[in-house]
Amino acid sequence: MPRNADHGRNSDIQATNGARRSPGSAVRRHGRRAVGALLTLLALLGCSSPDRGINPALPLGGRNSGYDLAELNATSGRADLLILVAMSGGGKRSAAFAHGVLRGMRDVPVGGSPPSTLLAEVDQVAGVSGGSFTAAHFALNGERSFETFPEEFLHRDIAAYVWGTYVLPWQWGWLVDPYVGTNDRMTEVYDDLMFRGVTYRDLIARGRPRLSINATDLASGAAFPFLPHAFDVICSDLSRFSLARAVAASNGFPLLFTPVTMANHRGPRCDTPLPVNLAAVPPVTDYNRRRLHDVVARMADRHRTPWLHLLDGGVSDNLALRTTLNFALLGGTDMVDFMRRSVPVRRMLVISVDGQSATDPALSQERMVNGLVQIFDAVSGAQIDNYNLETLAMIQAEMDRMMVRQRENRCRHARVIDGRRCDDAHSLLARVSLADVEDPALRDRLRRVPTGLTLPRGDVDALVAAGEMVIRRNREIAAFLADDTPPR
């Protein structure tokens, strides 16, 4: 028999035997093909560069400029007034409440001539975790944010994107590539929905208000701000850093998201001066100054800290206040230099917008508490509330010290400045929170809104309305801004 004929007969026999196999064998064959296709897809997803998303280095001899408070304050707004707004963490609940506070600021007048509003005079917005979305969107878009932010973020089902990172196979690059994390996916989501490839160069070009997005350094537990002085320490170019990536880092809830990794470029090819003179800090000083000194010294040593791994800013400071004044503690080049170079400044207003919920005392009335979410909310809420009180006390004390220095600074310049006595300088730390909602039923309802990135539209709208209401009715802020004491 010809060889090819025999081959044909064997093929027919194999085909016949295959037809007699059980249906399970076909299922197994299809399963192997599906697994093979999935592995191929994962391999393709894993083909990325180790440098993906790494922060760029400063050019030799360069530094981050054009985004200091003094530079921005000089461009517009009242020269005698410095206003800093800090937005807390707390998921979309805090984001919606802070958005409402910004909207209400349009209706809060600032005394003097020409007429102005609280919103128009804001010099810096800071945000952490959920509050970073609101702060970043407003810093980028100004009042246009009031028209676009609700549909681009507040009313979006962001949680669906989060879970898609874990359940959709084509998003599983982070499973096979050690240089890709779940927050790389969220950076892309925030870019697509809101930021569209914007970097800090765009923010610097826009000017006031300056944006401070705050994350937490996993190794030290210290707050890390996306600001010029922090990027100078690691010799990195802030202007080329992605805004969406900064927000993803600040909102990187532990365990749910992987940290955002930053490279430390300080070394022989970087001679950028540090924002503080570490040698001038006494070896024995108060706790906050000593700790900040140690953090900066560690970051400035590339051999000790070649990488920074950043996650949720609420871990280190859920009010986004500490980084606002941290470098004033060490006599740095940001806040202290601003006060020294800005003799006309005689009023400083810091507004803490706090959308964090309260702890639930009703847990004490339950026989069993075994829900993981319930336990986590209670533990994290208690920790945040207790830490917030310490933060507010520290910020108040530092503001008092700064205003003493500012009075001395002004009086060294002249006895009367712009018609006011040189020692006529004062400050106010004002807290605006959900606790300020007057209606007890509404207040209780809003404070029980869960932390998360997806909320019902009705809850979002109620939180926005509450934010507008409480800032408009804040008498302490209104009196400070009226400043109707006659010049001397």
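**Exercise 1. Overall make-up**

How many helices and strands does the protein have?

Solution. The model is predicted. A count of its secondary structure gives 19 helices and twelve strands. Next, take burial: of the 488 residues in the protein, 52% are buried. Last, take the contacts with a separation of 6 or more: residues 24 or more positions apart account for 80% of them.

**Exercise 2. Helix α9 and its surroundings**

Describe the length of helix α9, find which of its residues are buried, and name what covers them.

Solution.

Step 1. Helix α9 runs over residues 182–195, which is 14 residues. From the first C-alpha to the last it reaches 18 Å, close to the 20 Å expected at 1.5 Å a residue.

Step 2. Twelve of the 14 residues of α9 are buried, so the helix is mostly covered, given that buried means under 20% relative accessible area. The buried set consists of T182, N183, D184, R185, M186, T187, V189, Y190, D191, L193, M194 and F195.

Step 3. The cover over these residues includes the helices α5 (130–141), α6 (145–154), α7 (158–167), α8 (173–176) and α12 (243–250), together with strand β7 (260–263).

Step 4. After α9 comes R196, with a positive phi near 50°.

Step 5. The contact with α7 can be read from the other side. In α7, the residues I158, A159, V162, G164 and T165 are buried. They pack against α9, and also against α4, α6 and α8.

**Exercise 3. Two partners of α6**

Classify the packing of α5 and of α4 against α6, and list the residues that make each contact.

Solution.

Step 1. For α5 and α6, the axes come within 10 Å and cross at roughly 140°. Angles over 145 degrees count as roughly antiparallel, and this crossing does not reach that cut-off, so α5 is oblique to α6. The crossing is right-handed.

Step 2. On the α5 side, F133, T134, H137, F138 and N141 make the contact; on the α6 side, S145, F146, T148, F149, E152 and F153 do. Sorted by class, the contact of α5 with α6 has five nonpolar residues, five polar and one charged. For reading such lists, recall that an α-helix has 3.6 residues a turn, so residues three or four places apart point the same way.

Step 3. For α4 (residues 91–105) and α6, the axes are 11 Å apart and the packing angle is about 170°. The two helices are therefore roughly antiparallel to each other.

Step 4. Here α4 contributes K92, A95, A96, H99, L102 and R103, while α6 contributes S145, F146, F149, P150, F153 and L154. The classes in the contact of α4 with α6 are eight nonpolar, two polar and two charged.

**Exercise 4. Contacts of R457 and T272**

Locate R457 and T272, state how far each is buried or exposed, and list their contacts beyond four places in sequence.

Solution.

Step 1. R457 belongs to helix α18 (residues 457–472). Its relative accessible area is 45%, which makes R457 partly exposed.

Step 2. Apart from neighbours within four places in sequence, R457 is in contact with E151 and H155. R457 and H155 are 302 residues apart along the chain, yet their C-alpha atoms are separated by 6.1 Å.

Step 3. T272 sits in the loop between β7 and α13 (287–299). With a relative accessible area of 4%, T272 is buried. Not counting residues up to four places away in sequence, T272 touches L58, G62, R63, D232, C235 and R266.

**Exercise 5. Backbone details in loops**

Which peptide bond is cis, and are S129 and D418, which have positive phi, buried or exposed?

Solution.

Step 1. The bond between R208 and P209 is cis, with omega about -10°. P209 lies in the loop between α10 (200–206) and β5 (210–217).

Step 2. S129 is a residue other than glycine, and its phi is near 55°, a positive value. The loop that holds S129 runs between β4 (124–128) and α5. S129 counts as buried because its relative accessibility is 7%.

Step 3. D418 is not a glycine either, and has a positive phi of about 55°. D418 is in the loop between β10 (416–417) and β11 (420–421). Its relative accessible area is 66%, so D418 is exposed.

Terms used: Residues numbered from 1 in each chain as written. Predicted model: local features only at pLDDT ≥ 70, side-chain atom pairs only at ≥ 80, totals over all residues. Heavy atoms only, no water. Expected span 1.5 Å × (residues − 1). Buried < 20%, exposed > 50% of the residue type's maximum accessible area, 1.4 Å probe, protein only. Contact = heavy atoms within 4.5 Å. Axes fitted to C-alpha atoms, helices over the stretch in contact; angles between N-to-C directions. Parallel < 35°, antiparallel > 145°, perpendicular 65-115°, else oblique. Left-handed = near helix turned anticlockwise from the far one by under 90°. Nonpolar A, V, L, I, M, F, W, Y, C, P; charged D, E, K, R; others polar.
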